[in-house]
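I opened this entry to keep track of what I looked up, in the order I looked it up. The topics are charged side chains and the ligand.

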Amino acid sequence: MGLFITFEGPEGSGKSTQARRLYERLAAQGYPVILTREPGGTPISDMIRRIVLDLRHNEMDPTTESLLFSAARAQHVAERIRPYLRLGGIVICDRFADSMLAYQGYGSGRDLDELETLTRIATGGLKPDLTFYLDLPAAEGLERKRRAAERPEARNPLVPPVAPPERVEWNRLDARDLDYHERVRAGFLELARREPARWRILDAHLSVDELAERIWQTVVPLLAGIKPVGEQAT
Ligand code: TYD
């Protein structure tokens, strides 16, 4: 079985940038690797993403919300993540089930045991081998994301992006209040505390290069069992 790495963090922590940097470095060295995200990652999961994050869906019931995130995850695991891991590849996922515990659990106050049961159903028990958490106070993260969402290219699709496309969208969960986002952050830290062997907490104030290097140094020892693509046929 391959290697499953997830990135978690509050809005605007730079986790998507780091997930991409890790993906590019592994791919450049010939490792079999895919970069994906949640909610999303397959056509069906992307359709669910649009429903669950739509700013207009204020009336969404919290149970519906948890079931939709789980449904998107079930499809993603079955169609994409598990098959790739079975082939011996590396899957890098921008958010995964820990986001549900942090957002729907610690943030919205849903029962954690229930969410864990739902997650087990959706993932079939699959857990990341390694989870990076980029930590940042909620207020700072939201401000970073708000500024990014206001960049001209985020508003107008005709303006070419200044950097490779990393679409910044202001969604229904971003729009919740600061207390909510602080609870989410505290939730992530609690999850990390409970499973220290899986989690690596990083200070999101570090430079992009410094973070990328620390992440790389953590991943390298885990690559011993992964065969670069060229060697697989032999
Ligand atoms: P996204 O635009 O991907 O934001 P980010 O760049 O912060 O990852 O939006 C995903 C949102 O969905 C984000 O606010 C976190 C939330 N979320 C949940 O509430 N539960 C979940 O299970 C997942 C995967 C995401």
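Before starting I fixed one term: a residue is buried when its relative accessible area is under 20%, exposed when that value is over 50%, and partly exposed in between. I also noted that this is a predicted model.

**Entry 1: arginine 73 and glutamate 38.** With that cut-off I looked up this pair, and both arginine 73 and glutamate 38 are buried. Their side chains form a salt bridge, with N and O 2.6 Å apart. Arginine 73 sits in helix H3 and glutamate 38 in the loop between strand S2 (33-37) and H2, so the bridge ties together parts 35 residues apart in sequence.

**Entry 2: arginine 198 and aspartate 98.** I found another salt bridge here, at 2.8 Å from N to O. Arginine 198 is in the loop between helix H8 (178-194) and strand S5 (199-203), and aspartate 98 is in helix H4, so this pair links parts that are 100 residues apart in sequence. Arginine 198 has a relative accessible area of 7%, so I wrote it down as buried. Aspartate 98, at 5%, is buried too. I then followed the shared partners: salt bridges join Asp98, Lys127, Glu195 and Arg198 into one network.

**Entry 3: glutamate 24 and arginine 20.** I looked up a pair within one helix. Both residues lie in helix H1 (residues 15-28), four residues apart, which is about one turn of the helix. The closest N and O atoms of this salt bridge are 3.9 Å apart. Glutamate 24 is partly exposed, because its relative accessibility is 41%. Arginine 20 is also partly exposed, at 32%. For the whole model I noted a count of 17 salt bridges.

**Entry 4: arginine 82.** Which side chain of opposite charge is nearest to arginine 82? It is aspartate 129, 11 Å away, and arginine 82 is buried yet has no salt bridge. Arginine 82 belongs to helix H3 (residues 62-86). Among the residues it touches are Met1, Val77 and Thr123.

**Entry 5: the ligand.** I listed 18 residues around the ligand, the closest being Glu11, Lys15, Arg73, Arg95 and Gln104. An oxygen atom of the ligand is 2.7 Å from a polar side-chain atom of arginine 95. For glutamine 104, a side-chain N or O atom is 2.9 Å from a nitrogen atom of the ligand. Taken alone the ligand exposes 540 Å², and the protein buries 93% of that. Helix H2 (43-53), H3 and helix H4 (97-107) each give two or more residues to the shell. H4 gives the most, with four residues.

Methods. Residues are numbered from 1 along each chain as its sequence is written. This is a predicted model: local features need pLDDT of at least 70, side-chain atom pairs count only at pLDDT 80 or more; totals for chains, interfaces and linings use all residues. Side-chain values use heavy atoms; hydrogens and water are left out. Buried means under 20% relative accessible area, exposed over 50%, partly exposed in between (1.4 Å probe, protein chains only). Lys and Arg count as positive and Asp and Glu as negative; His and the chain ends are not counted. A salt bridge is a side-chain nitrogen of Lys or Arg within 4 Å of a carboxyl oxygen of Asp or Glu. Contact means heavy atoms within 4.5 Å. A residue is near a molecule or strand if one of its heavy atoms lies within 4 Å of it. A polar contact is a pair of N or O atoms within 3.5 Å; within protein, one must be able to donate a hydrogen and the other to accept it, and residues adjacent in sequence count only if both atoms are side-chain atoms. Accessible areas come from the Shrake-Rupley method with a 1.4 Å probe; for residues, only the protein chains shown count as cover. Lists of a residue's contacts leave out its neighbours within four places in sequence.
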